[in-house]
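Work through the following exercises with the structure in view, and try each task before you read its solution.

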Amino acid sequence: MRRVQDVVFARRDSGPLLMDLVVPEGAGPFPAIVWLHGGGWFTGDRTLAPDLGRYFAARGFVMATIEYRLSGEALFPAQLFDVRAAIRYLRRHATDFDIDPGAVGLWGSSAGGHLATLAGLLGHLDAVDGEPADSGDARVQAVSQGYGPVDLIEVVAAAPPDSRADSPEARLLGGIPAEHAELAARANPLSHVSGSAPPFQLLHGTADVLVPDSQSTALHTALAAAGAESTLYLLEGFQHGFLNPGGRVEPDGPKVMDDGRLEARPGATAHYRRALPGQDEATGTTGASFDLIGDFFAQHLQRQG
């Protein structure tokens with residue numbers, strides 16, 4: 001596979017925004033998946049990603065892992081603008097990277113999951129309020145996200161009072177979400193759910209103390225009620241960060257992260273709820289793995305025949 005690094009996809013006052021790509025061997029065009037890293041919107045970078053080559057490029061996906069401005073550089077909605085800019089860039093340069101411009105997906109974890117969800121739900125809009133002038137299609141055809149918050153006010157309200165002003169959500173918005181209700185509503189994916197949403201896959205650990213699994217359950221319920229396709233997987237006993245590569249969290253840090261766990265424990269028990277338009281919701285139990293995510297994107301992005 002071909003690796004392309006340090007591609008400038010947008011320029012901001014804080015500097016250029018970069019993406020790295022992994023392009024499969026063979027004749028394209030290939031569907032593309034954009035990975036959005038976690039880190040509470042205030043830390044992390046595009047290298048905080050699972051093995052995109054092994055699990056996804058090897059299956060015929062062009063994988064792009066991108067930077068977006070962190071909250072120390074710019075407040076929301078700057079991060080949303082950056083994700084939309086990356087989607088448009090890939091479509092404009094589809095032939096350069098052997099991409100099928102009609103088959104683009106988003107995948108993110110934690111803060112990146114929040115941004116993937118928001119960008120997926122708003123992709124039909126030509127522009128969102130305050131967005132820099134940028135032409136092109138920002139829609140995506142599928143979204144997979146892990147343990148991303150969807151109601152920032154609720155997440156912070158559940159935190160200890162003395163931590164709320166310095167919470168990641170407060171850093172993102174420039175203040176406690178409840179005190180910035182209008183901006184928080186713009187940042188909440190739950191505010192933007194509609195029946196025109198692309199297919200969603202949601203993964204969340206039942207032992208997550210940073211973002212409770214009720215956040216993903218609420219998003220799944222809202223998508224289903226709107227008539228959109230959604231599948232929720234609740235991974236039994238998993239904590240936050242299980243999509244991340246192992247070894248990126250300091251061993252002396254708080255024991256609330258499960259970095260590397262999905263790779264180390266493929267087949268871990270996941271209870272699912274699947275909502276398809278016009279059908280009764282299906283429930284069951286399966287094994288969670290990166291293949292489960294790859295299968296979702298294959299179903300919705302890879303053209304048959």
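**Exercise 1.** In this predicted model, find how many of the 15 residues of helix H2 are buried, and check whether the length of H2 agrees with its number of residues.

*Solution.* Begin with the covering of the helix: 14 of the 15 residues of H2 are buried, so that H2 counts as mostly covered, buried here meaning under 20% relative accessible area. Next, take the length: helix H2 comprises residues 78-92, and at 1.5 Å a residue these should span 21 Å. Finally, compare this with the model, where the end C-alpha atoms of H2 are 21 Å apart, which agrees with the expected span.

**Exercise 2.** Describe the order of the strands in the open sheet, and explain why S1 and S10 each have one side without a neighbour.

*Solution.* The sheet has 10 strands with mixed pairing, in the order S1-S2-S4-S3-S5-S6-S7-S8-S9-S10. Strand S1 (2-12) and strand S10 (282-288) stand at the edges and have a single partner strand each, so one side of each is left without a neighbour in the sheet. From one strand to the next, the twist averages 20°.

**Exercise 3.** Decide whether Val-62 is buried or exposed, and name residues that it touches.

*Solution.* First locate Val-62, which lies in strand S4 (residues 62-66). Its relative accessible area is 1%, which is under the 20% cut-off, and therefore Val-62 is buried. Leaving aside residues up to four places away in sequence, Val-62 touches several others, among them Leu-21, Phe-30, Ile-33 and Phe-97.

Note on methods. Residues numbered from 1 in each chain as written. Predicted model: local features only at pLDDT ≥ 70, side-chain atom pairs only at ≥ 80, totals over all residues. Heavy atoms only, no water. Pairing = 2+ DSSP bridges. Helix = DSSP H or I, 4+ residues; strand = E, 2+ residues; numbered from the N terminus. Axes fitted to C-alpha atoms, helices over the stretch in contact; angles between N-to-C directions. Expected span 1.5 Å × (residues − 1). Buried < 20%, exposed > 50% of the residue type's maximum accessible area, 1.4 Å probe, protein only. Contact = heavy atoms within 4.5 Å.
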